Every structure is written in C-alpha cells, then in structure tokens.
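These are my notebook entries on a model I went through entry by entry. I began with single residues and then turned to the contact between chains.

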Amino acid sequence: MTSNTIAGDIQLVGLTKKYGSSIALDAIDLHIPAGSLTVIVGPSGCGKSTLLRVISGLETATDGELLIGGLPVADHDAGDRDVAMVFQDYALYPHMTVAANLSFGLRLQARHDRRGGPSKFDIAERVAQVGDLLGLEKLLDRKPAQLSGGQRQRVALGRAIIRRPQVLLLDEPLSALDSQLRASARGEILRLHREIGATLVLVTHDQHEALSMATHLVVMDSGTVAQSGTAETLFHSPATEFVATFVGSPAMNLQASGGGRVGWRAGDARLLGADAAGTAAPDGLLVTGITEMCEFTGNGQQVSVRDGDRNFALAQREGERWLRVGDPVRAVIAPHQLHHFDQNGIRRNV
Amino acid sequence: MRMADRGARRTHRRRVAGVAWHLTLSVVTLTMIFPVLWGVLTSFKPTNEIYSLSPFSASPTLEHYAHAISDWPVGQLIGNTFVMAAGVALGQLAIAILGAFALAFFAPSARGLILTLLTISLAIPPQALIIPQFLLTAKLGWLNSDLGLIVPQLGASALAVLLLLQHVDALPPSLLNAARLDGTRPREVLWSIVLPALRPAIAAVTILVFITTWNEYLWPLLVAPRQIDTTVQIGLRQFETAEGTNFGGLLAAATLTSLPILVVYLVASRRITDAFLQSGIK
C-alpha cells in the first residue's frame, strides 16, 4: 500500500462495517484522490451512506484501515478528523441565526483552545467570507425556519466549509430540492469545489447527477465497490454488468451471447434502411424488432423496441431517422461498441 | 337533487351531533365547576347563613377573609408550599434532563432495562412506599423541614424522565451528528443544542410537576405536621376543630390559597393543557 500524506487524500483498506450479522461494508479497498470531487453512487442499501458515515467518524468501522491525509484516523472522534459533512436534511440548528449556525464550530474551537483557537475577530471575518462566497450576506440574522430550501442548503454548505476541512462529505445534498433548484445547487457545489480546493465526497442514488458532477466516480453494489474511476471510464468500459446497467440512461441493453452476455448502449446502434432487408448486414451485432414506444426527449427520441419476448432501447438523435410506433427496426452495433461479459457478469475483453 | 338532499341531511345530522356533544361537555363542566363556585360564594356569606341554599347572601361579608388572614399563617403556608413545589419541580427537572439526555445520547446497552424499570416504577402506588420513606426521612432528621418535603419526592421522577426522553428521541439524529462533527463535547450538545430545542417540553414538565406537588396531601401531612412548617393543603385542616368545622374560614382560606395556582393557569394555560395531554393524565 502506498501511503499518501497529501491533505485531503483518503485511503480505505479492507474497510468493513457490520451491524450484528449483516454486512454493510464488505472489505472495501478504495482510494479517493486529494482535491477530487468523488461521487459515490449506487442503489439504496448498497452501503454508500454507511461509507460516508464511517469516513466522517459518526460510525466506527468493524475492521480495516482508514487514512485521511495519510494519517490513520480510527482513534479520532468525529470532530477531530478535519472532516465536515452536509446532511440530507441540512440539520441546521433551528434556534440559532444563520450567522450563529455558521460560526458554531469556530466558537467551540475558540472555547476549547483559548490560545490556538480563532479569535472573535477571526470568527467574524470567516463568517463574512463564507457569507460572501455563498451569497448569504443578507440572511445572516435569519433563523433557519425563515429560509427557503435552497438557502438552507447554502447555509449547510457554509457551516461545513467554515472550518476549512480537508474533506467535505455531502450526503444526498440535492435530494430535498425541486428539480429546478437542483441544477443551480449542482453548479454551486461545483463552483465551491473549485474555490476551496478540498476533497469533496458526494453520495447520491441519482446516476445522472453522478455522471455530470464527478471527477472520480465510485459505483457501489451490496457493500462492495463495483468499480471506481473517471465517469468516462465507467461509462465506456464498465467492469461488470451491474455498472453497465446502473450507469447511463437508458440502461445498457444486454442479451445472451455464447455463455455470457453482450451489451450495447442505446445511442451506439445504427439503424439500417428498411429496404436493406435482403442485403448482407455490415460487420457487428444485428438487432431487429418492432417499435413499441417512443419518447420525445427534446433533442432526440428514446425508443423501446420489442424483439420476441424481450425489449431493447434505442436513442435517435435529431437529424437521424425518426421512428414511429409499429415501425420495423433493423439496427447494427459496431464490434468496438459491444461490451462482453462472462457468465458471472465480469467484463471480458475480446 | 337526491344528492343535494342527502348532503343536507348529512350536514343536519352533523349539526345535531355537534349540539349534543357540546351540551354533554357543558353539563360535565358545570358539574365540575359547581362545588368550587359554591365554595367561593359561601366564603362571602356571614356565618349564620353558611348552610343557606341561596347562592348569594343578602349581606355579603369579608369577615372570613379577615379572620383567615389574621388568625391563619396564610403567607407562611403559601411560602412553604411554593418552596416545596418549586424545589420538587426543579429537582425532578434536573434529574429528567440529565437522565433523558444520557439515555438518548449515549444509548447505554442497559437502556431498555432502565426504561422498563422506570415504567414499572410508575405502577407502584406511592402509599406502598410511604412507611420506609417516612422512616428514612425521620432517621435523617429531616422531619418538619424543606429537605424532608422535597428530597423524597424527587424519587418519583420517572414520569418526567420518560416525557423528556420522548422529546430528545424525537430530535432529528442528523442534528446531533452535525453537532458532533462541529466538535461539540457531550455537555455542549446538551447545553447548546438539546436544551434550546426542548424548551417547550421542559416548560410543560415543570408546570406539570409543580401543580401535582402543590396539591400533594399525604406526604406533607406525614413529614411536616407542625403548623408552621406545613403546606396549604394540610394547614386547611386547622379549621376543623373539636367544636365542628369553621366552614366560612375554611372556604375563605381555600379560595385564598388557590389564587397562586390560578395565576399559574392564567399565565400558562396553553402549556398546561399540552402538558396534561402529553402525559396522558387527567
């Protein structure tokens, strides 16, 4: 194992968390690079929130090692790990003003360490700075109950970054917002990541959110890491069938092929002309069926095609041939765009 | 047409039910108020009219009040009762806050057992414990003292602990987790996060215990029988003499000593209703 002493670097070695006899995290080995925006994604119950809570120190690992900035932190309490967290419900202190919410951690630091802790002047300055960064200047005297969802989220972000942590953990930070606010909050988090330079670890169940934000993407499945890497890597060469079907929308099409399965993305299929029925198909996988359902997606069309007792998805872009319900479909997928999996669902390179 | 008919009939039936319900409530309320009202009215009647069935006297008088104030240590008794009720309320509150917080925040492995014991203790009638409690208090030399009136009654804090525990448990866990990540020590979580969030519940429990203790009869009667040390409820017995009961004095004194509780009700009636509804006590 290579020890990395860069601030914000997170290393998990054989990390295991059990609740009684059920295993929430199963010997996880994972490296979260310093300064990355790492998104952990997976279906509910896959252990992604547990992983976040173990990193934060709110839960203790049953077994394994956890290093933050190169230091083992198993013995450090949650407040002493130089890690901050934004909770799904924001968890703002309801009886404190925005300014008091932001400064709470710093005020505690000052009280616990009268010499080394921040002075009153420092605290006021940092509150002003964070307020400025997140556009909270005019809200500092309000109570959380007087804020909108988006404002509350910015206060929660501000409270997390005010102590300048190495690592900022975000547990489903966008799930409580409506879809319009979500887009702007996503931008806000990306901007914040650029400006504060900390490692951001964000947990979500929304693969679209994950693909669009992550510099480093981790897909989890039933307590294990299915694959980690850049979003492009996971999208273009998924390590398992699970990753293939979980990442990307619509899910990758899979069909039986020679003992294992072969998969292809909806957008990679090329329609052949209806008149080409008799001609020899070009190289690649040929699929045929009848158009069953068409969804207009703005700049394209998502089509569900029925072939005997199974369905597959096609995505037609603007300018390509538009399909209508009942249209016969013949499409081909080029060999280099096919993904092969063995009978255990593991990627096979051919 | 038929639909409208049925709708009208339903509204009509609902209105009849509403009237019946309010009539019942009014009757019950009047039944409960009547003795109190009769007592207060009687306290203004001259002695020779005490047993008269007319609610108002032709010559109302304040003589019983004058008598009660001059011959009866009303200030002393109210003071004693207040010290006892406030002492018990604050003591139980301190126990309940610390106990509920410890049970919720540290979640000890014996939490279930402790909760069971607390609940069982509610089912033990206080009369069953009164003799050992009395002997203990006597051995400690606390008879006829505030300590004797207050400390043994702190043993009955289970209800307060359970009530507050419900409220601590109802706090969102993320709130306590956020505080932990902010670097709070347990004492600071209690002081800065839990107590402010629990303020209404704490007020409710305080009032509940205060009123229950103010009305306590058996324990002060045993521990502080001496007239100068005792509470209002016991002091009222002084109007029952060998020559019979001085009803005028008794009712005037009872009216006077109800005033403090009445003031508490007027100030905090909303909180009191909530407190009693939450505790499931009548």
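**Salt bridges in chain A**

I looked up Glu59(A) and found that, at 17% relative accessibility, this residue counts as buried. The model is a predicted one, and I keep that in mind for every entry here. The side chain of Glu59(A) meets that of Arg53(A) in a salt bridge, with 3.3 Å from N to O. Arg53(A), for its part, is partly exposed, with a relative accessible area of 25%.

I then went to Glu241(A), which forms a salt bridge with Arg261(A), the closest N and O atoms being 3.0 Å apart. This pair links distant parts of the chain, since Glu241(A) sits in helix α8 (residues 241–246) of chain A and Arg261(A) in strand β12 (residues 260–264) of chain A, 20 residues apart. Glu241(A) counts as buried at 15% relative accessibility, whereas Arg261(A) is partly exposed, with a relative accessible area of 35%.

I noted for myself that side chains of opposite charge can pair when their charged atoms come close.

**Lys48(A)**

Which side chain of opposite charge is nearest to Lys48(A), a buried residue that has no salt bridge? I found it to be Glu172(A), 4.2 Å away, and as a salt bridge needs the nitrogen within 4 Å of a carboxyl oxygen, the pair is not counted as one. Lys48(A) is found in helix α1 (residues 48–56) of chain A. The backbone oxygen of Gly42(A) lies 3.2 Å from a polar atom of the Lys48(A) side chain. Leaving out residues up to four places away in sequence, I listed what Lys48(A) touches, including Ile40(A), Val41(A), Pro43(A), Val203(A), Thr204(A), His205(A) and Met220(A); Gly42(A) and Glu172(A) are among these contacts too.

**Within chain B**

Next I looked at helix α2 (residues 63–71) of chain B, in which the buried residues are His64(B), Tyr65(B) and Ala68(B). They cover an arc of only 100° around the axis, which puts them on the same side of α2(B). An α-helix has 3.6 residues a turn, so residues three or four places apart point the same way.

In the same chain I checked Asp229(B) and Arg226(B), whose side chains meet in a salt bridge at 2.9 Å, N to O. Asp229(B) counts as buried, at 16% relative accessibility. Returning to chain A, I recorded that salt bridges sharing partners join Lys17(A), Arg53(A) and Glu59(A) into one network. Over all chains the count comes to 11 salt bridges.

**Contact of chain B with chain A**

How much area do chain B and chain A bury between them? I noted about 1700 Å², with 57% of it on carbon and sulfur atoms. On the side of chain B, Arg180(B), Leu181(B) and Asp182(B) lose the most area to chain A, together 39% of what that side buries. The contact takes 16 residues from chain B and 24 residues from chain A.

Across this interface I found 2 salt bridges and 10 residue pairs in polar contact. One salt bridge that I looked up joins Glu188(B) to Arg111(A), with the closest N and O atoms 3.4 Å apart. Helices α8 (173–181) and α9 (186–197) of chain B each supply at least two residues of the side that touches chain A, and the largest share of that side, 7 residues, comes from α8(B).

Definitions and conventions: Residues are numbered from 1 along each chain as its sequence is written. Chains are lettered from A and ligands numbered from 1 in the order in which they are written. This is a predicted model: local features need pLDDT of at least 70, side-chain atom pairs count only at pLDDT 80 or more; totals for chains, interfaces and linings use all residues. Side-chain values use heavy atoms; hydrogens and water are left out. Buried means under 20% relative accessible area, exposed over 50%, partly exposed in between (1.4 Å probe, protein chains only). Helices (H or I, at least four residues) and strands (E, at least two) are DSSP runs, numbered from the N terminus. The arc is that of the directions from the helix axis to the C-beta atoms. Lys and Arg count as positive and Asp and Glu as negative; His and the chain ends are not counted. A polar contact is a pair of N or O atoms within 3.5 Å; within protein, one must be able to donate a hydrogen and the other to accept it, and residues adjacent in sequence count only if both atoms are side-chain atoms. Contact means heavy atoms within 4.5 Å. Buried area is the accessible area (1.4 Å probe) that two parts lose on being put together, summed over both.
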